[in-house]
Amino acid sequence: AGAASGRAAALGFKPIPPNELDTVIVPNGYDHAVVIRWGDPILPGAPAFDVHRQSAEAQLRQFGFNNDFLAVLPLGHDGRRALLVSNHEYTNEELMFPGFTTLEAMTVEQVRVAMAAHGMSVVELERAGHTGQWRPARGRHAYNRRFTMLETPFRFTGPAAGSALLRTAADPAGTTPIGTLNNCSGGVTPWGTVLSGEENFNQYFVGGDQAPAELKPSLARYGITTTARYPGGSRRWERAQERFDLAKHPNEAHRFGWIVEVDPYEPGSRPRKHTAMGRFKHEGANVIVAKSGHVVAYMGDDERFDYLYKFVSKKRYRPGDRRHNLTLLESGTLYVAKVTGDSPAAEIDGTGKLPSDGAFDGTGRWIKLVSGDRSYVPGMSAVDALTYARLAGDAVGATKLDRPEDVQPSPVTGKIYAALTNNSNRAVGTNPGVDEANPRRANRHGQILEITEDGGDHTGESFTWSLPIVCGDPADSSTYFGGYDKSAVSPISCPDNVAFDRTGNLWIATDGNALGSNDGLFATAIEGPERGHLKQFLTVPPGAETCGPFITGDERSVFVAVQHPGEITGATVENPASTWPDGDFAKPAVVVTWRPDGGVIGT
Ligand code: FEO
Ligand code: CA
Ligand code: CA
Ligand code: CA
């Protein structure tokens, strides 16, 4: 069965059990290998990695730290070459530098190494043999790139580009930010570019206490400390580049928190930040072409009690006209979601017990915030509503969700799936209470939100929704797996990244497994009698989260990013909590999984 039949390929693999092993585990009949790891040389002139002799100059030419989102894009037509695009979300200095004591005690050169280890990478891959195994292309670097916080110029597009809020001493035009920060998840566009979400950018700034008084409320709404010069756990980047001191350069904070678009097929192209898509703690963005030809991007703001957004392009997609399509995300309309339950509020008791109609479900509306240069938010200009999209969402009464992470439309059904990862504060103390889409008090395990646009119209303003999966131990009565027999499903906690294979099975990767075992990757049918039959496909080492994932178009390979292995309190390079992947100390790395018999992944 293929996509054309509308039926997903059956997931026949035998699920792997929860475990705490210090390795990557895959099902029987599958193989896996490390594709690339932190420090591997990718640009000409890069030295071999030496943990004891790190420099910013070296790191600028090596694969960065903490790989998160992955895309694997075909290169040429013979199926043997591809471009890997990876985000490098953040750095664990304690797991990078031997002898690390505190962030304050790091040398300025170590700060510069960390800045160079952030950002993104593009690496050409080649197929190894005739299976789904891939490795870095030998002797070919023409497409390889690093985007770093140290020195890579980006270009702002859209209504806020050049606005007063984006101007700084170093960039009085407000058009050319340097670097991309805390890139978490992302997506691949139909025109072959990669989108990347700038997420927890707030943690890199100091001096918020001395920022202009009129900016403090918005800085605080984005999590920037405005009551002390040095927030707890500050990386002290202002010691390397003064722009991270908001006492001197308050607008620098406005230059992060955007969706970034990079074109891996054009190595000389300048990456862009699209202000029309709004500024928040972007998890990522995934694009679908609506029936009308407009492109629609779905996006989550990963914070407890924050919002789900969508962007509808002003212009229409033109098949084959790449030059035109590259402009589609520069102008359009930004919406935020209001999600309403259809069961009586009294039936949502905070335990996860299903209401009497048998489902957490209801209707919703997309509330227009900005269209082109016009704001629909009372008291806010378009530039304000885009730059402070969270405040715009507050003003229109958007629904406060349990940390919206990755959001992705199914390429087969067009239904949209959002991972709501967890929310330990839901209905705790003075925090907002439960509602039908966020039905559990102190939600530790998260849920999947499924959205169906009315009439299948991605450009529309109304939808229906349900929760097909309420995560946790299936033996726990607060969980729900699409009505499937819970004795046959794998435990899952803290869904973060979602992906689809070509036939429409939903793949879910986790971050922060509150059930105590390692994080992993899961797959389930999401339509038909197998809806909710969730099975664990892979686990990662202790302390790691499972990122990516990416299933290649030929369905012979699943890539995952193993992010922050060994990130456990007290662990260091010398005293690691994980020695994966090389047996010495932990390194973030990209892994590919395949079937040695050449078969389709998952079946
Ligand atoms: Fe970087 Fe929302 O996970
Ligand atoms: Ca209901
Ligand atoms: Ca994430
Ligand atoms: Ca996460």
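Biologist: Which residues have the most contacts inside the largest nonpolar core?

Modeller: Bear in mind that this is a predicted model. The largest nonpolar core holds 169 residues, and A297, L369, W507 and V560 have the most contacts inside it. Helix 3, spanning residues 108–117, gives the most to this core, contributing six residues.

Biologist: Let me zoom in on one of those. Which residues does A297 touch, leaving out those up to four places away in sequence?

Modeller: With those sequence neighbours set aside, A297 touches M277, A285, N286, V287, K310, F311 and L329.

Biologist: Now to the strands. How should I read a sheet, and in what order do the four strands of the open sheet run?

Modeller: The general idea is that strands of a sheet pair through backbone hydrogen bonds, either parallel or antiparallel. Here the four strands of an open sheet follow the order 1-31-30-29, with antiparallel pairing. Strand 1 (31–37) and strand 29 (545–551) are the edge strands, each pairing on one side only. From one strand to the next, the twist averages 25°.

Biologist: How many bridges join strand 29 and strand 30?

Modeller: Strand 29 and strand 30 (residues 557–563) pair over five bridges, in the antiparallel sense. To find your place in that pairing, look at C547, which stands opposite A561 in strand 30.

Biologist: Good, a helix next. Which residues of helix 7 are buried, and why do they line one face?

Modeller: Start with the general picture: an α-helix has 3.6 residues a turn, so residues three or four places apart point the same way. In helix 7 (residues 389–396), the buried residues are A389, R390, A392 and G393. Seen down the axis of helix 7, these buried residues fall within an arc of 160°, so they line one face of the helix.

Biologist: What do the buried residues of helix 7 pack against?

Modeller: Their partners are two helices, helix 4 (216–221) and helix 6 (382–387), along with strand 14 (304–306), strand 16 (332–341) and strand 17 (361–371). Just after helix 7 comes G397, with a positive phi of about 75°.

Biologist: One last residue, please. Is P596 buried or exposed?

Modeller: The way to read this is to count neighbours: a residue is exposed if 12 or fewer other C-beta atoms lie within 10 Å of its own. P596 has 12 other C-beta atoms within 10 Å, so P596 is exposed. You will find P596 in the segment after strand 31 (589–594).

Biologist: And which residues is P596 in contact with, apart from neighbours within four places in sequence?

Modeller: P596 is in contact with D31 and T131, once those neighbours are left aside.

Note on methods
Residues are numbered from 1 along each chain as its sequence is written. Chains are lettered from A and ligands numbered from 1 in the order in which they are written. This is a predicted model: local features need pLDDT of at least 70, side-chain atom pairs count only at pLDDT 80 or more; totals for chains, interfaces and linings use all residues. A nonpolar core is a set of buried Ala, Val, Leu, Ile, Met, Phe, Trp, Tyr and Cys residues joined through C-beta atoms within 7 Å. A residue is buried if 20 or more other C-beta atoms lie within 10 Å of its own, exposed if 12 or fewer, and partly exposed in between; C-beta atoms are placed from the backbone. Two residues are in contact if their C-beta atoms, placed from the backbone, lie within 7 Å. Two strands pair if DSSP finds at least two bridges between them. Axes are lines fitted to C-alpha atoms, for helices over the stretch in contact, and angles run from 0 to 180 degrees between N-to-C directions. The arc is that of the directions from the helix axis to the C-beta atoms.
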